[in-house]
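Here is a colleague's note for someone who is opening this entry without having seen it before. The points below may be read alongside the sequence and the 3D view.

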Amino acid sequence: METPRINRIASALRCERVRIAAAATLVGAAAAGVLTGCAGCAYREDICSRGEYPALTVGGTGGACFSDKEELPAGYARYPAGKVPKQVDDKWDVYWNTHTLDKEGKIISVPDAN
């Protein structure tokens, strides 16, 4: 009669090991998700604050942000439509590190830019 009791204990132990293994797998998957899943969740800094627009210096690679309510001072120009940087190091922010506008508004390469 002891055999059925031993079988029940052995069966219960196997079930417990399966539950522990399943829990460990879930914990491991959750940890992996936390460690790697947020890699694409990086913070991106905006070029300008709300209520401002970016402008570049004519003939140079500098720039500044101006209030939506103010006009640009001499020496600054608005970025061409569709080529306005929105966030630091985005496609257009990087592009304008080596390009600028001349006095006629044409896009030119900056000779001294690396």
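1. In this note, helices and strands are DSSP runs, with at least four residues for a helix and at least two for a strand, and they are numbered from the N terminus. Please keep in mind throughout that this is a predicted model.

2. On the overall layout, the protein chain contains 2 helices and 5 strands, and their order along the sequence follows the pattern α-β-β-β-α-β-β. The protein chain has 114 residues, of which 18% count as buried.

3. Turning to the charged surface, Glu70 is placed in the loop between strand 2 (63-67) and strand 3 (76-78). A patch of negative charge on the surface is formed where Glu70 gathers with Glu52, Asp68 and Glu71. With a relative accessible area of 39%, Glu70 is partly exposed, and this value fits the patch because residues counted in patches have over 30% relative accessible area.

4. The structure holds 1 disulfide, in which Cys48 is joined to Cys65 with an S to S distance of 2.0 Å. The link of Cys48 and Cys65 is left-handed, with -85 degrees about the S-S bond. Distant parts of the chain are linked by this pair, since Cys48 belongs to the loop between helix 1 (2-37) and strand 1 (52-57) while Cys65 belongs to strand 2, 17 residues apart.

5. Are the two cysteines of this link buried or partly exposed? Cys48 is buried, because its relative accessible area of 13% falls under the 20% cut-off. Cys65, by contrast, has a relative accessible area of 30% and is therefore partly exposed.

6. A point of backbone geometry deserves a look at Asp89, whose phi is near 70 degrees, a positive value in a residue other than glycine. Most residues other than glycine have a negative phi. Asp89 is found in the loop between strand 3 and helix 2 (91-95), and with a relative accessible area of 57% Asp89 counts as exposed.

7. Where does Gly82 lie? Gly82, too, is in the loop between strand 3 and helix 2, and its relative accessibility of 64% means that Gly82 counts as exposed. Although Gly82 and Trp92 are 10 residues apart along the chain, their C-alpha atoms are separated by 9.1 Å.

Methods: Residues are numbered from 1 along each chain as its sequence is written. This is a predicted model: local features need pLDDT of at least 70, side-chain atom pairs count only at pLDDT 80 or more; totals for chains, interfaces and linings use all residues. Side-chain values use heavy atoms; hydrogens and water are left out. Patches are made of residues with over 30% relative accessible area and no salt bridge: like charges are joined within 9 Å, nonpolar side chains (Val, Leu, Ile, Met, Phe, Trp, Tyr) within 5 Å. Accessible areas come from the Shrake-Rupley method with a 1.4 Å probe; for residues, only the protein chains shown count as cover. A salt bridge is a side-chain nitrogen of Lys or Arg within 4 Å of a carboxyl oxygen of Asp or Glu. Lys and Arg count as positive and Asp and Glu as negative; His and the chain ends are not counted. The place of a charge is taken as NZ of Lys, CZ of Arg, CG of Asp or CD of Glu. Buried means under 20% relative accessible area, exposed over 50%, partly exposed in between (1.4 Å probe, protein chains only). A disulfide is a pair of cysteine sulfur atoms within 2.5 Å.
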